[in-house]
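This report describes the pockets, the nonpolar cores and the aromatic pairs of one structure, in that order.

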Amino acid sequence: MVVRAVAAAGLVAVSVLGFVGFQIYGYRTHCLQPLYPNNPLRAYCDGLPATVYGFVQAEYWDVGFLRYYTWSQIPNFLLAAPMIVLSIAGIYTYAAHDPVRLATLGWKRRPSLQTAFLDTAFLGNGLLPHIYLWVLLLAVATTTMHVQVITRMFSAVPAVFWFAAHLASKDRFTQCIVTGYFVGYGLVGVVLFSNFFPPA
């Protein structure tokens, strides 16, 4: 058990090393030994921890906690609404199936839980880490980032598609709605994205 914990910590350290190294490089290049010494230092140099990408997002893209909640962004929230609703429904479905498992990080399960065969794919224990990631990404997407990119971002979240398949297995009508949304959004998204409209 200890060996696995040390190995996991080592792998996490390797994963984080690239991010930390880039931040140190950025801080050193722009703050300690600036490329343009005559220019005043940016506000980025005063903040700790100083993250280059975080500064660029806040300074040039106006990204920050609840900054996107303005009246002019209502169309973008409407564009993101189907994915937000699908995500909330998926997380709720998983959590409602066994809230004890979700609350205890999978250490305990609700006693005498019966799961139908079709439900085990989406409601199984193996999905728990994906659900936690989904919750975190949904919270960040709806509170901090430009919300209209949620569908593009969530195309890399497997739990979204597992829940969509779970829904599609229920009945023909739901299958048509879910499939129609993904196909329709894909077709419209290609046109919008290639012309630099939201969700770009």
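The largest pocket has a volume of about 300 Å³, where a pocket is an open set of points on a 1 Å grid over the protein atoms alone, at which a 1.4 Å probe fits, with protein on both sides within 12 Å along at least five of seven lines, and a volume is the space filled by probe spheres set on the points, which are joined across faces, edges and corners. Among the 13 residues that line this pocket, H30, Y36, P40, R42 and Y44 are the closest to its centre; a lining residue has an atom within 4 Å of a point. The model is a predicted one, in which local features need pLDDT of at least 70 and side-chain atom pairs count only at pLDDT 80 or more, while totals for chains, interfaces and linings use all residues. Residues are numbered from 1 along each chain as its sequence is written, and side-chain values use heavy atoms, with hydrogens and water left out.

Helix α2 (residues 52-60) gives the most to the lining of the largest pocket, with three residues; helices here are DSSP runs (H or I, at least four residues), numbered from the N terminus. The second largest pocket is lined by Y53, Q57, W61, V63, M145, H146, V149, R152 and M153, and both α2 and α7 (150-154) supply at least two residues of that lining. The table sets out the two pockets, with Ala, Val, Leu, Ile, Met, Phe, Trp, Tyr, Cys and Pro counted as nonpolar, Asp, Glu, Lys and Arg as charged, and the others, Gly among them, as polar.

| Pocket | Volume | Lining residues by class |
|---|---|---|
| Largest | about 300 Å³ | ten nonpolar, two polar, one charged |
| Second largest | about 210 Å³ | six nonpolar, two polar, one charged |

The largest nonpolar core has 26 residues, of which F122, W134, I150 and F154 touch the most other members; such a core is a set of buried Ala, Val, Leu, Ile, Met, Phe, Trp, Tyr and Cys residues joined through side-chain atoms within 4.5 Å, and buried means under 20% relative accessible area with a 1.4 Å probe and protein chains only. Helix α3 (74-97) is among the elements that give two or more residues to this core, and α3 gives the most, with seven. A second, separate core of six residues includes Y44, C45, A50 and F55.

Eight aromatic pairs are found in the whole structure, a pair being two rings of Phe, Tyr or Trp (its six-membered ring) with centres within 6.5 Å, counted as stacked if the planes are under 30 degrees apart, edge-to-face if over 60 and tilted otherwise. One of them is the tilted pair of Y68 and F77, at 6.2 Å centre to centre and 45° between the planes. Ring pairs also link Y94, F122, W134 and F163 into a cluster.

Conventions:
Buried means under 20% relative accessible area, exposed over 50%, partly exposed in between (1.4 Å probe, protein chains only).
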